[in-house]
Structure formats: C-alpha cells, structure tokens
Amino acid sequence: MDLQASICGIKLKNPLVLASGVLGLNKNNLLIAQRGGAGALTIKSITLEKRSGHDTPNVAFFEAGVLNAFGYCNMGLSAALEEFADLSCFSVPIFGSCTASNARDFAKLVSAFDKLDFAAIELPVSCPHTPSYGLLAGQSNVEKVRAIIKACRKETKKPIFLKINAGLPNFVEIALAAEKAGADAITCSNTLGPGMVIDINTAKPVLSFKVGGVSGPAIRPMVVRAIYELYEHLKIPIIGLGGVSQGEHVIEMLMAGASAVGIATGILQRGPCVFRKCCEELSRWMKEHGYGSIEELIGFAHQ
Amino acid sequence: MLTSRFERNRFVGAKIINVQSYGADIKIFEFECKLKAKPGQFIMLWLPGIGERPFSPTKTNPLELAVKKRGLFTKKMFELKVGDCVGIRGPYGKGFKYENVKHACLVAGGIGIAALVRLAETLSNNGAMVDFVYGVRKRDQLVFLERIEKVAELFVSTEDGSFGKKGTCIELLKRLLASKRYDCIYCCGPEPMMVQVLALCKHYNIKSQFSLERRMKCAVGICGHCALGSKLVCKDGPVFSGKTLASIREFMVHE
Ligand SMILES: Cc1cc2nc3c(=O)[nH]c(=O)nc-3n(C[C@H](O)[C@H](O)[C@H](O)COP(=O)(O)O)c2cc1C
C-alpha cells in the first residue's frame, strides 16, 4: 500500500512524524526514529540560549499517559546550528523546531534556521510548563501569536508550522490568526493541561516542577475534536498529534482532518518502531476497507 | 488491565530499613520493598525535592542499593536514615546475558561492583566458574567481599596497596588473561577503565559485556538524554556487548 502523504508541498513516504521533544535532541537521536520508520522527524525545540531545564523527575506516569516537565532542556541555537548543519544522513524530511519568549527572539531563531536544510520550521507557542515560554508567556493570546508569525514570516520562505494547544478555549481563533498572518500549517496539539500527579506515599507532587504537560491516550479525544474543528475553519493543513500509538488512531486523526500525524508518547508504549507498526496497521486497514491513498482519508469524517 | 504500560512506571514507596557505612563515601541501603530485576537492570530512585537517579540493585528482596558519594544527590542520600521513605520505579533496561557461559570473569572498578555482585551469584547458581577481579582506591571502599568469595575466586587490587595487590584491576586482569580462557568477561566501572578492558577482550578475542552509566531523565526511552551514539542506554542498555561498544564512536571518546 502506498502511504505517501504531503504537507505544504513536502512529500512524505508515510504520514507519520516524530513529534518535537522525543528522541530529537541531536542527529543521533533522530536516526533512532528514522530507523523506526517515521516519514518525517522534528527536532527538540531549540531556544536562543542553552537551557538545562527543570530538575528530575521530569516525567510522571498515570494509567492513561504521561506528564512531562523538561522545561525546554536543549543545546541552544549556536550548538544547534552546528549539530544540524549537515542533514545528509537523513532520508526523510527534518523539521526544525524553535521557541522563544517574544516575537523578536522567535524571528532570530527562524532567521538562523532558514539557512539550514530543514524542510519546515515548527514554532510551539503552547508549552504548558515552562516559565517565560508558551502558555506561561501568555502565548495563548491571539495578538501575540499574530505578532510571532508576522515577525517569523519575514525571515523565511520555508513552511512555518504553528504548534498550538488544543486545551485552550480560543484555539480556533489562534489558528485562524496564524493562517492569516502567513503560517503554512497548524500542528495540534502540544501537551495539555498542565496536570499534576501526587505520590501518596510521600505526599509530594512527583514532578520537580510540580506540574507538567499531559500526553498520551488520555488526551486523544480532545485533540481529535480540536482537529475536527480546525479542519472546518482552516484552509491550511493540520498536523495532528496527541495520544497516537496505533494505526487506528492515525486513521482517526486523518479522518478528523489531519494531513500528517505526529507521535511522541507512543514511543514509550511501542518503542521507536511505533512508526513502522502504525504504517503496517494503517496499510492493512486501508486495504481491508478499500482505501487507495492517505489523501482519501483526510477529513473523511466531515462528509 | 490494572497496570497499564504507563502505570507500571509509577513510584512505589520504599522505606529505609537498614543503612551500613563503608569508609567515608560508600553506604549500603536496604529498603522495605522488593522487586524483580535481572542482574544488570537498574531502578530509578527518587528523593522528593532533590531529584531522581539510576541505581543497580545489589539485592532485590528486600531491595538493596550500594551508593557512592559523588554529587549533590548522593550527598543528600547520605543524610537519609532508617525510617525515611524514597520512591522507586523500575526495573529498567536489558540485563546481562549469561546463559551458556561456563567460565566467566567479572571485572569491577570502584562502585561498579553494584552492577556485578548479583551477576556473580547468578552465574555461580547456573554452574559457571567465576573469577572476580575487583579494584578500588583504598581498602575501606571494598564491599560485598564475603558475598563474592562464596561464589567466585576473588582477586582484589587497591591503588594504595592497603589490601590485595597494589595497582589497578587492569593489571590483575592482564595476569589472569595470560593463563586463563573465559567464555565471557563482564565489566562495570569508570569508563576509561572499561575502554581498557574492551581493548584487552579484543586482543584476546573474548566475548564481553559492559554495564554503562549515563545521566538518565525519563528511563523509558523517550527523552533521548542517555543516548550513546544511536543507542539508548536506558532501553538498549545499560548492558552492551563489547562488539556493540566497539562500533560506537561516542563510547571511546567519553571523558
Ligand atoms: C518528553 C516530552 C518532551 C516534549 N518536548 C516538546 C518540545 O520540546 N517541543 C514541542 O513542541 N513539544 C514537545 N512535546 C510535546 C509533543 O511534541 C506532543 O505535542 C505531545 O506530547 C502530544 O503528543 P503525544 O500524545 O503523542 O505525546 C514534548 C512531549 C513529551 C512527552
């Protein structure tokens, strides 16, 4: 079965994308996900300066998923420019991801990333657990998002993906403003919440930052609904992610309106081969149900 | 399913029931907690308010850990007393392979002993002949000598000559290799020492397995912080064959 997909003119051998923040710290990390069969790979979000992030524990677990609060632990822009200068070891498109506290810094990062061979640049404005970034920098505000996209649009011709948070009441407004300001796709969603897990033996929140973004199976219905709504309003394509770990979940996201589907927490459940496994399940299902291409599935639930 | 893929990673509470000190910088903690872990696997220990670190269980029922004072985390651990409670999750990673090994040599450097003491016992239970080479700086850092002597022939070196042979465990290993043949060499210790052991194994064409240590954050194979080349120490390791390590550039250049 041909699983070819495309997003903003970028051809993907399959619609599955490694989401930002998992196995994306460096090229060696990304190679693990490439071997696992991903159709595209997103790097861990880069900030202007190197950040050591929050203390451990950075992850907390519950029966339906994970909370994480790494706090944008990353190598910083200058090291990233070196690390990702040569992407010739990859056979799939690489998406850059960078984040900042304000439009000016976003633009600086995008201007630097423009010179690398990233197929697209993703801008998360939606992290729920890092002070001065994303939701904790007030980037749930439509005006702020508009300013960020406008500033970044001037710095690059590469496709810009805006990564939003499906948990916000105004997520459609944010996406529409981004589309109007020149964003080429919407990535939905970042982790939701934040949430908290308390260890009852020690009566302490597990995460050192106390709260963290929720990912995994628990958030999938919220994300599917958000993608469904975005699809009704937007002209630009959507990359859907949140709780995907099986072929059926991929189909659900595509039917809701996603053109490509990201996986982060699914790697914990099924290993880096989660991409290959999802592709196999997707192929089998499409064959059994008479679908000939990914294209046919996109937005199918809106009929 | 009561324990989902996620839930089995939750911390269980573990109360300290015994603490023993060895010299100024090693303590052995026993916890009111038991788990199933193969020799070579690790657990994550959480000190609320301080952080989380990986450790090799030196016993599993009850759980026992040997801790060497190094940074802030272990310094805080040294302040713990009987009755204090910590969080434990795991076990994680792949353990040592020991099936079909009849003659084994274990090489421990310093607190690397923690990853190997249970392996010696398991190998011996499986009927293998075990030689155990154990090197430390000075005498008071030696732990588990009685346990090891029960199951293996023990060769000790101290750098200051306060016990056993004066020198390093590499010298002891070289001597053994000159006259003996092993099916497998197992090693855990400081990385420069493991690099030397790997070179010896290559020279003598002996299979080998190494237990590596990296700063781990998630321990479940998603964050990527413990990567060694394109291997994840938390999932693909912490035990790697010498053959695998020889192909990872990042192992040789470490430190
Ligand atoms: C450990 C971890 C780290 C993450 N780091 C980032 C990040 O740096 N940038 C980002 O845009 N999203 C980050 N995310 C969010 C994921 O990309 C994804 O949007 C979210 O986890 C939902 O998808 P999932 O349910 O498949 O995990 C991270 C998620 C996890 C679990």
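Biologist: How many residue pairs are in polar contact between chain A and chain B, and what makes a contact polar?

Modeller: There are 8 such pairs, with both residues at pLDDT 80 or more. To count, two N or O atoms must lie within 3.5 Å; within protein, one must be able to donate a hydrogen and the other to accept it, and residues adjacent in sequence count only if both atoms are side-chain atoms. By the way, this is a predicted model, where local features need pLDDT of at least 70 and side-chain atom pairs pLDDT 80 or more, while totals for chains, interfaces and linings use all residues. Residues are numbered from 1 along each chain as its sequence is written, chains are lettered from A and ligands numbered from 1 in the order written, and side-chain values use heavy atoms, leaving out hydrogens and water.

Biologist: How many salt bridges cross between chain A and chain B?

Modeller: The rule finds 0 across that interface, though the count over all chains is 15.

Biologist: Then why is the pair Arg225(A) and Glu229(A) called a salt bridge?

Modeller: The rule wants a side-chain nitrogen of Lys or Arg within 4 Å of a carboxyl oxygen of Asp or Glu. Here the closest N and O atoms are 3.1 Å apart, so the pair passes. The two are 4 residues apart in helix 6 (residues 220–233) of chain A, which means about one helical turn separates them. Helices here are DSSP runs (H or I, at least four residues), strands are too (E, at least two), and both are numbered from the N terminus.

Biologist: How many residues of the two chains are in contact?

Modeller: 36 residues of chain A meet 32 of chain B, where contact means heavy atoms within 4.5 Å. Helix 1 of chain A gives the most to its side, with 5 residues.

Biologist: What makes up the residues on that side of chain A?

Modeller: They split into 21 nonpolar, 11 polar and 4 charged. Ala, Val, Leu, Ile, Met, Phe, Trp, Tyr, Cys and Pro are nonpolar, Asp, Glu, Lys and Arg are charged, and the others, Gly among them, are polar.

Biologist: How much area do chain A and chain B bury between them?

Modeller: About 2,700 Å², 63% of it on carbon and sulfur atoms. That's the accessible area (1.4 Å probe) the two lose on being put together, summed over both. Thr56(A), Phe61(A) and Leu268(A) supply 23% of chain A's buried area there, more than any other three residues.

Biologist: Now the ligand: which residues around it come nearest?

Modeller: Of 21 residues around the ligand (a heavy atom within 4 Å of it), Ser20(A), Ser45(A), Lys163(A), Gly243(A) and Thr265(A) come nearest.

Biologist: What makes the pairing of Ser45(A) and the ligand a polar contact?

Modeller: An N or O atom in the Ser45(A) side chain is 2.6 Å from a ligand nitrogen, so that's inside the polar-contact limit. Lys44(A) qualifies too, because its polar side-chain atom is 3.0 Å from a ligand oxygen.

Biologist: Where does Ser189(A) lie, and which form does its peptide bond from Cys188(A) take?

Modeller: Ser189(A) sits in the loop between strand 10 (185–188) and strand 11 (192–195) of chain A. That bond is cis, with omega near 25°. Most peptide bonds are trans.
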